[in-house]
Amino acid sequence: MNKNPIVPFLLIIFLGIGLVFLLSGLGSTDDGEEDVATEEGSEGSEESGGDEASSGDVDAEGIARDNCASCHGQDFSGGMGPALAGTSLAEEDFTTTVREGQGSMPAFSADQIADEELTALYQFFSEQ
């Protein structure tokens, strides 16, 4: 009795592919649930009103890590650039420095960091 070795091989391949699709489908379901929770949280913050609602939707820490940490340190206490944590700059001076740059710091346009994000960054650094 000769068994065909291709049948078990194909069976394993199909089961493996099916498992990949199953796991990727479960992963996408989890992401959808997180988005719903984030949207629900932002709706609640809008009801509280004021500037906090607009900057509450912005991930200031994430933006800072992406754009500032490489020069200002991972904890924003200073590095190649000065410390940003606990900044004593007025918000207008902070905005001007970010928009126009200063010394070796490059300027960041509104396309790179939106005004709302810049306000959230200032609040984030001021509270550090």
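The buried residues of α3 pack against α4 and α6, where buried means a relative accessible area under 20%, exposed means over 50% and partly exposed lies in between, with a 1.4 Å probe and protein chains only. In helix α3, which spans residues 60-67, the buried positions are Ala-60, Gly-62, Ile-63 and Ala-64. Helices here are DSSP runs of H or I with at least four residues, strands are runs of E with at least two, and both are numbered from the N terminus. This is a predicted model, in which local features need pLDDT of at least 70 and side-chain atom pairs count only at pLDDT 80 or more, while totals for chains, interfaces and linings use all residues. Residues are numbered from 1 along each chain as its sequence is written, and side-chain values use heavy atoms, with hydrogens and water left out.

The secondary structure of the chain comes to six helices and zero strands, and read along the sequence it follows the pattern α-α-α-α-α-α. Of the 128 residues in the chain, 22% are buried. The accessible surface comes to about 9200 Å², of which 55% belongs to carbon and sulfur atoms; such areas come from the Shrake-Rupley method with a 1.4 Å probe, and for residues only the protein chains shown count as cover. Among contacts between residues at least 6 apart in sequence, 46% join residues at least 24 apart, a contact being heavy atoms within 4.5 Å.

The aromatic side chains offer a way into the interior. Rings of Phe, Tyr and Trp (its six-membered ring) pair if their centres lie within 6.5 Å, and planes under 30 degrees apart count as stacked, over 60 as edge-to-face and the rest as tilted. By this rule the count comes to five aromatic pairs. In one of them, the rings of Phe-76 and Phe-124 have centres 5.8 Å apart and planes at 90°, so the pair is edge-to-face. Because Phe-76 lies in the loop between α4 (69-72) and α5 (91-100), and Phe-124 in helix α6 (residues 115-127), this pair ties together parts that are 48 residues apart in sequence. Phe-76 is buried, with a relative accessible area of 2%, and Phe-124 is buried as well, with a relative accessible area of 14%. Another pair is formed by Phe-94 and Tyr-122, whose ring centres are 5.4 Å apart and whose planes stand at 55°, so the pair is tilted. Since Phe-94 lies in helix α5 and Tyr-122 in helix α6, the pair ties together parts that are 28 residues apart in sequence. Both Phe-94 and Tyr-122 are buried. Phe-76, Phe-94, Tyr-122, Phe-124 and Phe-125 form one aromatic cluster.

The backbone at Phe-76 also deserves a look. Most residues other than glycine have a negative phi. Phe-76, although not a glycine, has a positive phi of about 65°. A positive phi of about 75° is taken by Gly-101, just after α5.

Within α5 the buried residues are Phe-94, Thr-97, Val-98 and Arg-99, and what covers them includes α6. Thr-97 counts as buried because its relative accessibility is 19%. Leaving aside neighbours within four places in sequence, Thr-97 is in contact with Gln-102 and Met-105.

Thr-97 also leads to the largest pocket, which is lined by 25 residues, of which His-72, Pro-82, Leu-84, Thr-97 and Met-105 lie nearest its centre. The elements that give two or more residues to this lining are α4, α5 and α6. On a 1 Å grid over the protein atoms alone, a pocket is an open set of points where a 1.4 Å probe fits, with protein on both sides within 12 Å along at least five of seven lines, and lining residues have an atom within 4 Å of a point. About 460 Å³ of space lies in the largest pocket, the volume being the space filled by probe spheres set on the points, which are joined across faces, edges and corners. The lining divides into 16 nonpolar, nine polar and no charged residues, with Ala, Val, Leu, Ile, Met, Phe, Trp, Tyr, Cys and Pro counted as nonpolar, Asp, Glu, Lys and Arg as charged, and the others, Gly among them, as polar.

The loop between α4 and α5 also holds Gly-86, which counts as partly exposed at 39% relative accessibility. The C-alpha atoms of Gly-86 and Ser-126 are separated by 4.7 Å, although these residues are 40 residues apart along the chain. Not counting residues up to four places away in sequence, Gly-86 touches Phe-125, Ser-126 and Gln-128.
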